[in-house]
Amino acid sequence: MINIYNDILKAKTKNQKLLAILLDPDKLVLENLDLLISKINNSPATHIFIGGSVVTTTILEYLIIKIKQFSPFGGRGALPIVLFPGNPSQISDKADGILFLSLISGRNPDYLIEHQVNAAPILKQTQLEIISTGYILIESGNKTAVERVSKTKPLDRNNIDYIIQTAQAGEMLGNKLIYLEAGSGANQPVPLEVIKKVAQNIEIPLVVGGGIVDLQGIKDSYNAGADLVVIGTAFENDMNFFNQ
């Protein structure tokens, strides 16, 4: 049985860096799905995240089932499929786990606790591994989907002390992961100095995503202290991303 969080902890202990490819069901072309899965198979990905700020399509479960039909991936075994939901409607028991996100950078109660309360009875009926995650939106130079949907302001990318405090508060509240997010289609990624300082001041694994457009950006995030990097838009736009 997959134990997603324990595997992340083990990787952190061994300084083994992880990579998640984020798939937004609204942006996928079903006719290209087999090719997409093949590209993921040949990538260095260790996890597949599925979800988005707004998911209007009904193919979520179909997508998960289709991906699992192609397991194992190149002898590595099946990649864990982890839900990355914008709201409780994006929950499927066909996945392996879920990032139980709380937008701790904002003060909109819907994204701090209300969606989580509504999701709880649904999750209790599943076998999903629930990974509580402190989600921190960082200013990225443009208004991203997360900001629009959550109606919250990102944290000032230059106010590193406050970002550190927010991450530490999330850890103290019992979150298992801290996720620094620039947002889908961000003009700028999370600053490397922010990643470095947050990584130095928390003990739990650090996830970083948004605005990373090339392999060097992934390496830079790892070197700064990210334990797991998430690639979404760059891979959506170019399925040959990992052939660079």
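In the predicted model, the lining of the largest pocket draws at least two residues from each of strand E4 (97-103), helix H4 (109-123), helix H5, strand E6 (177-181), strand E8 (228-231) and helix H9 (233-237). Of these elements, E4 supplies the largest share of the lining, 5 residues. The volume of the largest pocket is about 720 Å³. Its lining comprises 46 residues, and those nearest the pocket centre are Gly52, Ser53, Phe84, Tyr135 and Val146. Sorted by class, 23 of the lining residues are nonpolar, 18 are polar and 5 are charged.

The second largest pocket has a volume of about 210 Å³. Helix H1 (residues 4-13) makes the greatest contribution to the lining of this pocket, at 5 residues. The full lining consists of Ile2, Ile4, Asp7, Ile8, Lys10, Ala11, Gln16, Lys17, Leu18, Thr46, His47 and Pro80. By class, the lining of the second largest pocket contains 6 nonpolar, 3 polar and 3 charged residues.

Helix H5, one of the elements that line the largest pocket, spans residues 145-150 and is followed by a loop that leads to helix H6 (160-172) and contains Thr152. Thr152 has a relative accessible area of 5% and, because this value is under 20%, is classed as buried. Its side chain forms a polar contact with the side chain of Ser150, at 2.8 Å. With residues up to four places away in sequence left out, the residues touched by Thr152 are Leu103, Gly106, Arg107, Asn108 and Glu147. Of these, Leu103 falls within the range of E4, and Glu147 within that of H5.

Helix H8 covers residues 215-224, and its buried residues are Gly217, Ile218, Ser221, Tyr222 and Ala224. Viewed along the helix axis, these buried residues are confined to an arc of 165° and therefore line one face of H8. In an α-helix there are 3.6 residues a turn, so residues three or four places apart point the same way. The cover over the buried residues of H8 includes strand E1 (18-23), helix H7 (192-201), strand E7 (206-209) and strand E8. Strand E8 thus appears both in this cover and among the elements that line the largest pocket. Immediately after H8, Gly225 adopts a positive phi of about 135°.

Definitions and conventions:
Residues are numbered from 1 along each chain as its sequence is written. This is a predicted model: local features need pLDDT of at least 70, side-chain atom pairs count only at pLDDT 80 or more; totals for chains, interfaces and linings use all residues. Side-chain values use heavy atoms; hydrogens and water are left out. Helices (H or I, at least four residues) and strands (E, at least two) are DSSP runs, numbered from the N terminus. Buried means under 20% relative accessible area, exposed over 50%, partly exposed in between (1.4 Å probe, protein chains only). A polar contact is a pair of N or O atoms within 3.5 Å; within protein, one must be able to donate a hydrogen and the other to accept it, and residues adjacent in sequence count only if both atoms are side-chain atoms. Contact means heavy atoms within 4.5 Å. On a 1 Å grid over the protein atoms alone, a cavity is a set of points where a 1.4 Å probe fits but cannot get out, and a pocket is an open set with protein on both sides within 12 Å along at least five of seven lines; lining residues have an atom within 4 Å of a point. Grid points are joined across faces, edges and corners, and a volume is the space filled by probe spheres set on the points. Ala, Val, Leu, Ile, Met, Phe, Trp, Tyr, Cys and Pro count as nonpolar, Asp, Glu, Lys and Arg as charged, and the others, Gly among them, as polar. The arc is that of the directions from the helix axis to the C-beta atoms.
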